[in-house]
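Work through the exercises below with the sequence and the 3D structure open. Each task is followed by a stepwise solution.

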Amino acid sequence: MNFKYPEWKQTLGILLCLGFVFSGLPGRSQQPSCTDASLLANYHSGSFGNALDLSSPQSVTTPDNGSVFFINKDLLSNGVVIDSLLVFKLDATGSVVWSKAIPESTPVLMMQFNQMIALHNGNILLAGNAANIGNNTGPAFSILLLLDATGNVLWQKNYAGLALVVCNEGLNGEITVAGWAPGKVLITRLSPDGNIIWSKNYQSSNWHFSINPGGLYSDNGRLYVGGDYYDPFFPDISIGFWLLKLDYQTGEVIGSNSWKTTLTTFPCELDLSPGATMTATAGDHLLLSASLIRPTGCQSWNILFARVDSNLQLVPAGTGSFFYTVSNPEGASLAVNPSSGGIAFGLNEKGASPGAYYSLLDSNLNITTQRFVAASDPSANPIPVFDGYNLTGMQAGLQSGNGSYQFLRIDPGFTVSSACMGTPAGLLQAGPMITTPSGLQFTLNGGNAISSTTFPITQQDFSITTDVFCRQVSTCDSLLIHGDTSFCPGDRTAVFTAHKSATCLKQNSWQIDTSAWTIISQPNDTTIQLGLNRQWQGYIYATIAGCGLKDSLPVTIHGQTPPVQLPPDTVICPGTTMLLQPKGSFQTYRWQDGSVADHYLVKDTGLFYVTVTDLCGNSSSDTIRVGDCRDELLFPNAFTPNRDGANDLFRPRVNGKLKEFEMVIYNRWGQLIFQSADPANGWDGTLDGKRLNPGVFVWFCRYQFANDTPKTEKGTVLLIR
């Protein structure tokens, strides 16, 4: 017996995602190695049988980078057909880890699962619907089943009134559930063991709209619920997205928003696809996605996207929405699901050459890969199912109960190089889409009357054999950046290389400060050439996505180093010393006596100088005169006022502390040329601002040191030009 979807499930599908930007920390520590594989393989089991029900198969990627699959299947038990759930896990290389068959507890429990979630603790949550039919009558209810990381059942419950459409992991290991009622959204918060914490319904402002929840996400005390809507009376013109923001603890409405989409390229009337799921993706925005499926005779589909921030606004404003058109054969099926860092699409090809198309998009939704993979059996009825970049569900119905499940895993970090990963084939074409506010709002309408009970369940192992057509195994255990760590003002470019193990097929990505660097070229994922923009000190980062392997290299871009500076001329007293420590940091030092330390200890009077070289090879020098600390004035006998910074002034050098000072200068005719009461204020060889000719001038100086008697000195000075 196969559970039939209610009519409302055939509606516009929405996908809602929220992700985060990775921020690396400085350091060169390596993370544990990781092993992944891209492969194409067939998995066989007698339990699969001839009649695999792939109307709702799913796979999820587990925290250990494995894959868990479930298949709804009719099993024959003691002559009675019963609904059953087949669940099996593959490791990162595609090998079977475990496989479990879970039959319904009674032949009248019409049971079918339609969603699976890998929780952060490694457990697996499965959700679906069931009904105690009894001659095809009886109430429907929702079911949740929790498995541990080894596939064993932890608990199972059914819920009356839950109206489950989509669920997800909430905060602290809790479970959030969204359902549907005419013009309403039903939202429930469950504890980690499935007990009801609160359940509420939210009325839309347009009661006649078909409101379908497509995803939930919990973050920072908020619960985001998003989906699609359409007007059943005008489906061609009233199609759009909605987003509801709730307080996680109370369920109170914080805000809601909605957008109507307008496509001018619809070639014919629309049908609407089933609802989709939600998962974390790269970036810092919510991503709304919907797929519009055309009926028979219409040769294209549209996949719609809208970026929304946590404040429920389109990002960027007014241009955050667009769509892709899929040209496909009549009767094909489509699967859409976001992944970490991107999006994957797939649709099947029936007929003489069955198989599956797939397209991979990066985090900016740019198309990176489009290929076609042929089914392993010509009788296949492939239905692509996505979890991130795991394409599954290319099912081949074989004879004698020997069922087959074909699995293609494309690791998002790999370069698709093997022929058995498919051949190049076009699938998607981008196009514009107009998105405008629609005015659809939601208000809290009260609580939901729901109840839960535990239902009996059994499980048993079943065997699976594997035929691997091709496998690319990647083992990444090291990542190390090579390159210069110091750059000078004259340098213009820098090249860095990331060295990873030869067995690592995953792609490396670079993170740089774009204010300090400009990317000139990047010939491959391990080499990057950068241009230098400014003085800077920081880190260059390399990361292997999906592996946790990272490295960082400390780098300095030096500015122009200022010339070396010693203190002004000074004095020391007998028996004392003075330490000379040049300002700034230099690579080499050489003092007047040939010593090379970064400092010099002065023990006597004299002339001292140092020549330094910085990291970039630039040199500079400076000089200091150290005199005797005993009281004295020392007058030069000549000076050269040519403004070259050396001997431009005639003035005494003072050793000691002056109490009084007066100096006058005369020319040879006795004319007063200059006078000063400050020993630091020297004569520059001018009179009334006019330069005097070279010659001999007479000076007189009266001065008195502290604790000494007044003194007078005189002499001559030669002005040289």
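Cys476 and Cys504 are both buried (under 20% relative accessible area, with over 50% being exposed and partly exposed in between; 1.4 Å probe, protein chains only). This is a predicted model: local features need pLDDT of at least 70, side-chain atom pairs count only at pLDDT 80 or more, and totals for chains, interfaces and linings use all residues. Residues are numbered from 1 along each chain as its sequence is written, and side-chain values use heavy atoms, with hydrogens and water left out.

**Exercise 1.** Find how many disulfides the whole structure holds, and describe each link.

Step 1. Search for pairs of cysteine sulfur atoms within 2.5 Å. The search of the whole structure gives two disulfides.

Step 2. Take Cys476 and Cys504: S to S is 2.0 Å. This link is right-handed, with 80 degrees about the S-S bond.

Step 3. Take Cys488 and Cys616: S to S is again 2.0 Å. Here the link is left-handed, at -100 degrees about the S-S bond.

**Exercise 2.** Is Cys488 buried or exposed? Classify Cys616 as well.

Step 1. Cys488 has a relative accessible area of 18%, so Cys488 is buried.

Step 2. Cys616 has 23%, so Cys616 is partly exposed.

**Exercise 3.** Classify Cys167 and Cys701 by burial.

Step 1. Cys167 is at 3% relative accessibility, so Cys167 counts as buried.

Step 2. Cys701 has a relative accessible area of 0% and is therefore buried.

Step 3. Set these beside the chain: 51% of the 721 residues of the protein chain count as buried.
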